[in-house]
Amino acid sequence: MIAVQSVETDRRANLFHFTRLQRPIVDRADGIYLWDKSGRRYIDGSSGAVNVNVGHGNRNVIDAMKRQLDRVSFAYIFQFENEQAIELARGLADRLPNGLNRIYFVSGGSEAIEACLKLARQWAVSTGQDKRWKIIGRMPSYHGVTIGTLAVTGDDILTKTFDAIGRPMPLVPAPFVHRDHDNLSMEQRGIRYADMLEEKILEEGPESVLAFVMEPIGGAATAALVPPNSYFPRIREICDRYGILLIHDEVMTGIGRTGKFLGGDHWSCRPDIVALSKGLSSGYAPLGALAATQRIVGPVVETGGFLHGHTYGGNPVACAAGVAVLGEVDRLGLVENSAVMGELLRGELEALTRRFPFIADVRGKGLFMGAEIYADPLAKEPLPQGLNANLRLIDLAFERGLIIYSRRVRGGPVSDNFMVCPPLIVTSDQIGEIIAVLGDSLQALA
Ligand code: PLP
């Protein structure tokens with residue numbers, strides 16, 4: 001008989017995830033809260049990995065998944081269509097702008113970006129543009145951890161070890177406009193950063209460039225970095241001028257997170273391909289999607305179809321979760337709540353910068369808010385590398401029962417930053433609760 005080990009021993013033996021610290025074992029979750037096995041409560045001020053948009057324990061989502069499990073838990077997408085995938089594709093197509101109505105399902109964010117890159121390349125090949133293969137990304141940025149997504153990710157910590165296997169792509173600077181010391185206005189800086197894309201295209205040779213990939217509002221690597229309005233139309237203009245596809249990574253910013261359905265909707269952006277995940281299933285199942293226009297998908301389908309496909313793509317239970325999540329987003333008015341609560345959160349974070357002058361540059365949209373921790377906020381002088389004040393802050397908050405979001409990033413003008421991104425169901429009282437604990441944590445960090 002196999003010896004029964006303690007949970008403690010088992011987890012040390014079997015788990016291999018990249019958390020820095022031993023974390024408590026979770027027991028249950030409801031709304032914006034989680035509880036560990038010892039009964040301690042945590043406010044989910046990060047919505048997990050900025051994905052639990054509809055909150056924990058949503059009965060309608062759970063029941064929809066249970067119903068689907070009772071009918072068909074799995075049917076291979078190469079053998080059967082399923083109603084849930086069809087309905088979710090229609091639901092997305094109805095909500096996405098500018099003809100982004102051809103949908104392809106995968107199991108997560110990295111897979112979604114990976115599929116976007118492959119679809120772009122296949123579009124080029126199927127339209128006789130074989131020489132186009134370079135996909136320009138930004139530094140810093142985060143697009144996932146698979147070999148393909150790392151090639152367009154700007155973060156030396158994550159990428160360097162694997163550069164030998166993948167093929168690192170050209171990167172342009174992310175628009176950290178608030179850090180620049182020059183006489184330009186913010187809007188002029190937005191143009192300046194967009195023009196860096198054109199300079200890179202010319203440097204690389206326009207005929208070799210296939211696509212540009214970016215988050216409309218930068219997430220994990222840049223803590224809710226919002227470019228000036230001028231950035232977006234200029235980027236589209238440059239892509240059009242050189243026949244380059246624009247891929248928006250909306251894995252974090254999609255499904256209402258920023259107070260619009262897509263982050264790019266704040267500027268009426270017209271990407272050719274969009275990656276979605278996270279909020280799409282809100283954590284109830286592994287799910288991701290890409291949405292593309294017929295202009296891109298048409299030639300690929302006509303020349304034999306997309307050379308891609310995962311076992312769990314279009315999984316009926318995951319898609320049932322997605323359909324129910326979209327239903328809840330509508331029923332509970334979560335896009336609107338994100339916009340309204342986001343402004344409240346912004347005001348509260350601004351107030352914290354007055355109490356704690358080492359944090360500054362509060363930014364973001366909706367419930368996608370971030371701020372920087374500086375050595376000298378006026379001079380925009382970052383803290384010395386290695387101090388990791390952001391990681392210290394998330395630990396201090398965690399000890400006090402609040403979860404916030406931050407990553408260690410290297411490359412480009414990053415400093416220590418953090419994000420506050422509660423589920424989109426958050427109330428004004430709960431924002432108050434988050435800010436109170438965050439204030440205590442900042443006090444402890446000071
Ligand atoms: N793209 C962005 C913008 C992300 O924030 C993430 C995850 O944080 C990913 C892609 C990768 O998603 P996943 O962790 O589901 O693979």
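Two strands are taken to pair if DSSP finds at least two bridges between them. In this predicted model, strand β12 and strand β13 (residues 381-382) meet that criterion, with 2 bridges in the antiparallel sense. Within this pairing, Tyr374 stands opposite Pro382 of β13. The two strands form a hairpin with 4 residues between them, and Lys380, in the turn, has a positive phi of about 55°.

Strand β12 (residues 368-376) has further partners. β12 is joined to β11 by 5 bridges, and these two strands run antiparallel. Ala360 has Glu372 of β12 as its bridge partner. β11 and β12 also make a hairpin, here with 2 residues between the strands; Gly366 in that turn has a positive phi of about 55°. Pairing between β12 and β15 is likewise antiparallel and extends over 5 bridges, with Val420 in β15 as the bridge partner of Met369. Of the 9 residues of β12, 7 are buried, so the strand is largely enclosed by the rest of the structure.

Strand β11 contains Asp361, a residue that has a positive phi of about 55° although it is not a glycine. Asp361 has 20 C-beta neighbours inside 10 Å and therefore counts as buried, the cut-off being 20 or more.

Helix α14 (residues 428-445) comprises 18 residues. From its first C-alpha to its last the helix reaches 25 Å, close to the 26 Å expected at 1.5 Å a residue. Its buried residues are Ile431, Ile434, Ile435, Val437, Leu438, Ser441 and Leu442. An α-helix has 3.6 residues a turn, so residues three or four places apart point the same way. The buried residues of α14 pack against strands β3 (41-44), β11 (359-365), β14 (402-403) and β15 (416-420), and against helices α12 (334-355) and α13 (389-399).

Two of these strands, β3 and β14, also belong to an open sheet of 4 strands, ordered β1-β2-β3-β14 and mixed in its pairing. The edge strands of this sheet, β1 (26-30) and β14, each pair on one side only. β1 pairs with strand β2 (residues 33-36) in the antiparallel sense over 4 bridges. The bridge partner of Val26 in β2 is Asp36.

Another open sheet is formed by 7 strands in the order β4-β10-β9-β8-β7-β5-β6, again with mixed pairing. β4 (102-106) and β6 (171-173) stand at its edges with a single partner strand each, so one side of each is left without a neighbour in the sheet. On average, and with direction ignored, neighbouring strands of the sheet are turned by 20° against each other. Inside the strand order, β8 (residues 245-249) and β9 (residues 273-276) run parallel and are joined by 3 bridges. His248 has Val274 of β9 as its bridge partner. Helix α9 (residues 231-242) packs on the sheet, where it touches β7 (209-214) and β8. The direction of α9 makes about 140° with that of β8.

Two loops that adjoin strands of the 7-stranded sheet contain backbone features of note. The loop between β5 (134-139) and α6 (147-151) holds Pro140. A cis peptide bond, with omega of about -5°, joins Met139 to Pro140. In the loop between β7 and α9 lies Ala224, which has a positive phi of about 65° although it is not a glycine. Ala224 counts as buried because 30 C-beta neighbours lie inside 10 Å.

The ligand is surrounded by 15 residues, of which Gly108, Gly109, Ser110, Gly144 and Val251 come nearest. Helix α5 (residues 109-126) supplies the largest share of this shell, 3 residues. By class, the shell contains 6 nonpolar, 7 polar and 2 charged residues, with glycine counted as polar.

Technical notes:
Residues are numbered from 1 along each chain as its sequence is written. This is a predicted model: local features need pLDDT of at least 70, side-chain atom pairs count only at pLDDT 80 or more; totals for chains, interfaces and linings use all residues. Axes are lines fitted to C-alpha atoms, for helices over the stretch in contact, and angles run from 0 to 180 degrees between N-to-C directions. Two residues are in contact if their C-beta atoms, placed from the backbone, lie within 7 Å. The expected span of a helix is 1.5 Å times one less than its number of residues. A residue is buried if 20 or more other C-beta atoms lie within 10 Å of its own, exposed if 12 or fewer, and partly exposed in between; C-beta atoms are placed from the backbone. A residue is near a molecule or strand if its C-beta atom, placed from the backbone, lies within 6 Å of it.
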